[in-house]
Amino acid sequence: MSCRSTMTKQVVFISSVQKELQPERRALADFVKGDPPLLRYFSAFLFEDLPATSRRADDLYLDQINRCAIYLGVFGNEYGPEDSEGFSATEREFRRATQRQKFRLIFVKGSDDSKRHPKMMKLVRDASGQLVRRRFSGIPDLLAQFYASMVQHVEELGLLRTVPFDTAVCARASVRDLSPEKLI
């Protein structure tokens, strides 16, 4: 057995109001795809990258939340279109990620809460009551904070090697991986 990770990539589901935060969404997805250390462990999911399909949008994005490992919420001023029950896609996604106990990261754009839609402000407050969220002022700030959060997450997963390779524990190795011919 090799000590190389056989772990499949974890999917980072990027959630936000698409029209308002399209540049931030694209920057995050491109950042994951373009950063070799992140790309080793993660892939990014953007709803707008999916092809046309006969499935309902809400069924599809909630199914993707079920499959992802990480929910990345980027909250701005707009709440987004509401469904028949008065919830936006962003709030539905956050609720599903919470219900499914996904690893969640929340980044809130800007510091002027007076410009936020009342339901978005409530969603920010709800998220803040459950986890540590961070504010960002622009795309470079968002990417830097996202990267720091992901490095911490990889570290917590035990995937960051901090000792020389030949002294590191191979976490997935077992006694069955030893070669009887090479044992004395």
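1. Two rings of Phe, Tyr or Trp are taken as an aromatic pair if their centres lie within 6.5 Å. With that cut-off in mind, Phe31, Phe146 and Tyr147 come together in one aromatic cluster, and the structure in which they sit is a predicted model.

2. On confidence, the mean pLDDT of the protein is 89, and 90% of its residues reach 70 or more. The stretch of residues 1-5 has a pLDDT below 50, and beyond near neighbours in sequence this stretch has six contacts in the model. As a general caution, where pLDDT is low the predicted coordinates should not be read in detail.

3. For orientation, the protein contains six helices and five strands, and these follow one another along the sequence in the pattern β-α-α-β-α-β-α-β-α-β-α. Taken along the principal axes, the C-alpha atoms fill a box of roughly 70 × 40 × 30 Å.

4. Of the 184 residues in the protein, 38% are buried, and the protein exposes about 11,000 Å², of which carbon and sulfur atoms supply 53%. Among contacts with a separation of 6 or more, 72% are between residues 24 or more positions apart.

5. Returning to the rings, the count by the rule above comes to seven aromatic pairs. One of them joins Phe75 and Phe94, which are arranged edge-to-face, at 6.3 Å centre to centre and with 80° between the planes. This pair links distant parts of the chain, since Phe75 lies in strand β3 (residues 70-75) and Phe94 in helix α4 (residues 89-99), 19 residues apart. Both Phe75 and Phe94 are buried.

6. Helix α5 (residues 118-128) deserves a separate look: its buried residues are Met120, Met121, Leu123, Val124 and Ala127. Around the axis these residues cover an arc of only 160°, which means that they are on the same side of α5. The general background is that an α-helix has 3.6 residues a turn, so residues three or four places apart point the same way. The buried residues of α5 pack against β3, α4 and β4 (103-109), and so the helix meets both β3, which holds Phe75, and α4, which holds Phe94.

7. Helix α1 (residues 22-34) allows a check on its length, because at 1.5 Å a residue its 13 residues should span 18 Å, and the end C-alpha atoms are indeed 18 Å apart, in agreement with that expectation. The buried residues of α1 are Glu24, Arg25, Ala27, Leu28, Ala29 and Val32.

Notes
Residues are numbered from 1 along each chain as its sequence is written. This is a predicted model: local features need pLDDT of at least 70, side-chain atom pairs count only at pLDDT 80 or more; totals for chains, interfaces and linings use all residues. Side-chain values use heavy atoms; hydrogens and water are left out. Rings of Phe, Tyr and Trp (its six-membered ring) pair if their centres lie within 6.5 Å; planes under 30 degrees apart count as stacked, over 60 as edge-to-face and the rest as tilted. Helices (H or I, at least four residues) and strands (E, at least two) are DSSP runs, numbered from the N terminus. Buried means under 20% relative accessible area, exposed over 50%, partly exposed in between (1.4 Å probe, protein chains only). pLDDT is the predictor's confidence in each residue, from 0 to 100. Contact means heavy atoms within 4.5 Å. The arc is that of the directions from the helix axis to the C-beta atoms. The expected span of a helix is 1.5 Å times one less than its number of residues. Accessible areas come from the Shrake-Rupley method with a 1.4 Å probe; for residues, only the protein chains shown count as cover.
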